[in-house]
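Me: Can we go through this structure together? I'll ask short questions.

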Amino acid sequence: MVSVALLGDSDVARWPEKLWPRYTTAVSGHSGATLAQIPTVDVDDQTILVLCAGENDVGNGIPLSESEHALRTLLEQLVAGCKCVIVLGPKFEPWLEDDKEARKQYVRMSQTFQHVCGLYTSS
């Protein structure tokens, strides 16, 4: 049976249980977690893993190269166990409206995540 695992930062930690997918088997959300701080969970080839993270890296001033490395490391660990990983990268928050530099960092991170995820996509 296909199951869903949710992994990430406060976006996962605050995800209301009533909105979890029906066959959710693991939820590991940690407020304030950066990509390097997100622990892996046990998954198998019947698991769809949803990873939501990255915003805290920008907020903590972590260089994009370090966030990219942390994402690659995390994906290498996760992809080995499951066939489907969905990565939800940084989203624009209302407080970013007037912060053009932070918006640029979010866009660069999103583009980098897209590139990294492409490396793990099977044809």
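Me: How much area does the chain expose, and what share do carbon and sulfur atoms supply?
Reply: The chain exposes about 7400 Å². Carbon and sulfur atoms supply 50% of that. Accessible areas come from the Shrake-Rupley method with a 1.4 Å probe, and for residues only the protein chains shown count as cover.

Me: Where do these values come from?
Reply: This is a predicted model, where local features need pLDDT of at least 70, side-chain atom pairs count only at pLDDT 80 or more, and totals for chains, interfaces and linings use all residues. Residues are numbered from 1 along each chain as its sequence is written, and side-chain values use heavy atoms, with hydrogens and water left out.

Me: What share of the residues is buried?
Reply: Of the 123 residues, 34% count as buried. Buried means under 20% relative accessible area, exposed means over 50%, and partly exposed is in between (1.4 Å probe, protein chains only).

Me: New topic. Which pattern does the chain follow?
Reply: Along the sequence, the pattern is β-α-β-β-α-α-β-α. That gives four helices and four strands. Both are DSSP runs numbered from the N terminus: helices are H or I with at least four residues, strands are E with at least two.

Me: How many salt bridges are there?
Reply: The count comes to four. A salt bridge is a side-chain nitrogen of Lys or Arg within 4 Å of a carboxyl oxygen of Asp or Glu.

Me: Which residue pairs with D11?
Reply: K91 does, with the closest N and O atoms 3.0 Å apart. K91 sits in the loop between β4 (84-88) and α4 (100-119), while D11 is in helix α1 (residues 10-13), 80 residues away.

Me: And what meets E55?
Reply: K91 again, in a salt bridge of 2.9 Å, N to O. E55 lies in helix α2 (residues 55-59) and K91 in that loop, so the pair ties together parts 36 residues apart in sequence.

Me: Is E55 buried or exposed?
Reply: E55 is buried, at 11% relative accessible area. K91 is partly exposed, at 36%.

Me: What about E68 and R72: how far apart are they in helix α3?
Reply: E68 and R72 are four residues apart in helix α3 (residues 64-79), so about one helical turn separates them. Their side chains meet in a salt bridge (3.0 Å, N to O).

Me: Last one. Where is P39?
Reply: P39 is in the loop between β2 (24-29) and β3 (47-52). At 34% relative accessibility, P39 counts as partly exposed.
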